[in-house]
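Visitor: Before we begin, I should like to hear how the terms applied to this model are justified.

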Amino acid sequence: MLEALKQVGTKFRLPGTIYTYDAITIGNINSTYKVTYRNYKYSLKSYLFQKVNTNVFKNPVELMANIDRVTSYIREKYPNQITLHFHHTEDGHNYYVCADGYFWRVSNYIDSITFDSTDDLAIIAATGEAFGRFQMQLSDFDGSTLYETIPDFHNTKKRLDTLFADAKKDIAGRRAEVKEELEYIRSVSDEAAALSIRFANGEFPTRVTHNDAKANNVLFDRVTKRPIIVIDLDTVMPGMAMYDFGDAVRSIARTAAKDEPDLSKVFLDIAKFHAFAKGFIKEVKGVLTADEIDSLVQASFSITFELASRFLDDYLNGDTYFKCNYPAHNLVRARNQIQLAKDIMRKKDELQQIVHDIMAQV
């Protein structure tokens, strides 16, 4: 591995020689290494080397083009802030493909901590700030100019159409066990898909969206516990800002893990929702339209419901997409997300009032 890292570092014109390197095991898709260089003045500087998993990311050149445009834009607009910086090769690319076909990128290492999950409302509010600031910083960037590297990734209408089509095919012979789930999904599918249909009809602005808005994609200062930056931009694409909000709520404000089989434990935590919403809205109040703000709660339901449909679809297809730890894992996940989506809708009026109150306060 050392020789491979040396070759990559040379291509990205990093000064000095490799002093140490360590594999970073957080993250399940790409292979990541913290590589520390000692320069000719004997000072040390660390970088993140990543070998991108091109089996997952089928269009890595387009992915890196999106990242390059977004990070360059933020860095130029906010020169005094810590921003993500991906290095370029001599021919101007922010990636390098080795002779063996591996796809590499290099960014500056930012000393920080992350939180996989937390009950600390201050951390949750700060996470909301980070994703809200990401929206604010890119509010005048035309999201429609980015590549859609995963087509229809959050097209809820298309996800549901696919689920119903696959249920008819029933290639794994499992449809009979999920009759109740399918009936419920069909009964509320129009409401779940409403935002994606409106977006397709041009009723919402096309924003730069992160599409993986969860707590551990925010770097925090080790001492102050304040947010530094949003990371993991592999899924940056054109989309709806509200879906990033909803995806974060789904991930951060739940009371149980997304594969908790005991549904009596699965609810939306109102206090966590309030904390995240306050942090997020504070940053985007002057950026998002009134219609977008009014749709934040609906988006929380829709994106949760969409994930439920994806888990159920994968179960019907024989578990070919999501990694499963036991035979019914996808079914448990689907039921869990359905339960969470139902609770969001039960609390819709209360959540909507929280959003309105925050808008009046910030």
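Guide: The following exchange sets computed values against the definitions behind them.

Guide: This is a predicted model, in which local features need pLDDT of at least 70, side-chain atom pairs count only at pLDDT 80 or more, and totals for chains, interfaces and linings use all residues. Residues are numbered from 1 along each chain as its sequence is written, and side-chain values use heavy atoms, with hydrogens and water left out.

Visitor: Why are β2 and β3 said to pair?

Guide: Strands are DSSP runs of E with at least two residues, helices are runs of H or I with at least four, and both are numbered from the N terminus. Two strands pair if DSSP finds at least two bridges between them. Eight bridges join β2 (residues 31-38) to β3 (residues 44-52), so the pairing criterion is met. The strands run antiparallel, and Thr36 has Ser46 of β3 as its bridge partner. Five residues lie between the strands of this hairpin, where Tyr42 takes a positive phi near 70 degrees.

Visitor: What makes β1 an edge strand?

Guide: The open sheet has five strands in the order β1-β2-β3-β5-β4, with antiparallel pairing. Both β1 (17-24) and β4 (96-97) pair on one side only, and they are therefore the edge strands. Seven bridges join β1 to β2, with Tyr21 opposite Val35 in β2. Further along the order, six bridges join β3 to β5 (residues 103-108), and Gln50 stands opposite Arg105 in β5.

Visitor: Why is the link between Lys6 and Glu3 called a salt bridge?

Guide: The term requires a side-chain nitrogen of Lys or Arg within 4 Å of a carboxyl oxygen of Asp or Glu. In the pair Lys6 and Glu3, the closest N and O atoms are 3.5 Å apart, so the term applies. Because Lys6 and Glu3 are three residues apart in helix α1, about one helical turn separates them. A search of the whole structure finds 22 salt bridges.

Visitor: Which residues lie nearest the centre of the second largest pocket, and what makes a residue part of its lining?

Guide: On a 1 Å grid over the protein atoms alone, a pocket is an open set of points where a 1.4 Å probe fits, with protein on both sides within 12 Å along at least five of seven lines; lining residues have an atom within 4 Å of a point. The second largest pocket is lined by 17 residues, and Glu148, His154, Asn155, Phe199 and Pro238 lie nearest its centre. The elements giving two or more residues to this lining are α5 (179-200) and β9 (237-239).
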